[in-house]
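Work through the exercises below with the coordinates open. Try each task before reading its solution.

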Amino acid sequence: MSEAPGTLDWRPAVDHPELVAAPTADALAALGVECLVAPIDAELADTAAFCEAYGVELAESANCVVVEGRRGETTRMAACMVLATDRADVNKTVRKHLDVRKISFAGMETATSLTRMEYGGITPVGLPADWPVLVDRRVAEAGWVVIGGGVRGSKLAIRGAELAKLPAAEVLELAQG
């Protein structure tokens, strides 16, 4: 699997459900997309440390940001996928798209309890079905991108076009300039 980024030992993710969070394993089995998984040192899960340790360029890595928007008594959760070189325009683009008045990054306890994933490893693969997955256009157009595995001890490699095909995915211009 030499075409996937970095120096990791990439394997077919569907064959290694033990390396990812349970909801991620379930989603991978159901989706049938080409996706690879590699074990990593959990202490190196944060993007900058991971990229340096495993020879992955920031532009080959995408972050999953969980946001929580509110309008009146209604709360909407969503995930935003942006390249590690970019930041999601949460306060304008995402807020308007979700049609909420207030928006913020979801707190760690909220994000982990709702996703059943580890903080620092949350991935769009296996999120609750009613959550929109907002994929930045640059991620959707990328070749292989490295994303979380649902746990801090692994990473997934998936083509950007496959992320854009996730059941709740919507491709938008999310990155701030």
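## Exercise 1: a ring and its surroundings

K155 lies over the face of F50, at 4.9 Å from the ring centre. The model is predicted.

**Task.** Classify the aromatic pair that involves F50, and place both rings along the chain.

**Solution.**
1. Count the pairs. The structure holds one aromatic pair. Its members are F50 and Y54.
2. Take the geometry. The centres are 5.3 Å apart, and the planes make an angle of 35 degrees.
3. Apply the cut-offs. Planes under 30 degrees apart count as stacked and those over 60 as edge-to-face. The F50–Y54 pair is therefore tilted, at 35 degrees.
4. Locate the residues. Both belong to helix α2 (residues 47-54), four residues apart, so about one helical turn separates them.
5. Recall the helix rule. An α-helix has 3.6 residues a turn, so residues three or four places apart point the same way.
6. Check burial. F50 is buried at 0% relative accessibility. Y54 is buried too, at 16%.

## Exercise 2: a sheet and its edges

**Task.** Which strands stand at the edges of the open four-stranded sheet?

**Solution.**
1. Write the order: β1-β2-β8-β7, with antiparallel pairing.
2. Find the strands with a single partner. These are β1 (11-12) and β7 (144-148), so each has one side without a neighbour in the sheet.
3. Inspect one pairing. β7 and β8 (residues 154-159) run antiparallel and are joined by five bridges. In β8, A157 is the bridge partner of V146.

## Exercise 3: a helix and its cover

**Task.** Which residues of α1 are buried, and what covers them?

**Solution.**
1. Scan helix α1 (residues 22-31). P23, T24, A25, A27 and L28 are buried.
2. List the cover. It includes β2 (35-39), α4 and β8.
3. Step past the helix. G32 follows α1 and has a positive phi, near 70 degrees.

## Exercise 4: positive phi outside glycine

**Task.** Compare the settings of D99 and R116. Is each of them exposed or partly exposed?

**Solution.**
1. Read phi. D99 has a positive value of about 55 degrees although it is not a glycine. R116, also a residue other than glycine, has a positive phi near 60 degrees.
2. Place them. D99 is in the loop between α3 (90-98) and β5 (102-105). R116 is in the loop between α4 (108-115) and β6 (133-136).
3. Apply the cut-off: exposed means over 50% relative accessible area. D99, at 49%, is partly exposed. R116, at 55%, is exposed.

Conventions. Residues are numbered from 1 along each chain as its sequence is written. This is a predicted model: local features need pLDDT of at least 70, side-chain atom pairs count only at pLDDT 80 or more; totals for chains, interfaces and linings use all residues. Side-chain values use heavy atoms; hydrogens and water are left out. Helices (H or I, at least four residues) and strands (E, at least two) are DSSP runs, numbered from the N terminus. Buried means under 20% relative accessible area, exposed over 50%, partly exposed in between (1.4 Å probe, protein chains only). Two strands pair if DSSP finds at least two bridges between them. Contact means heavy atoms within 4.5 Å. Rings of Phe, Tyr and Trp (its six-membered ring) pair if their centres lie within 6.5 Å; planes under 30 degrees apart count as stacked, over 60 as edge-to-face and the rest as tilted. A charge sits over a ring if NZ of Lys or CZ of Arg is within 6 Å of the ring centre and within 35 degrees of the ring normal.
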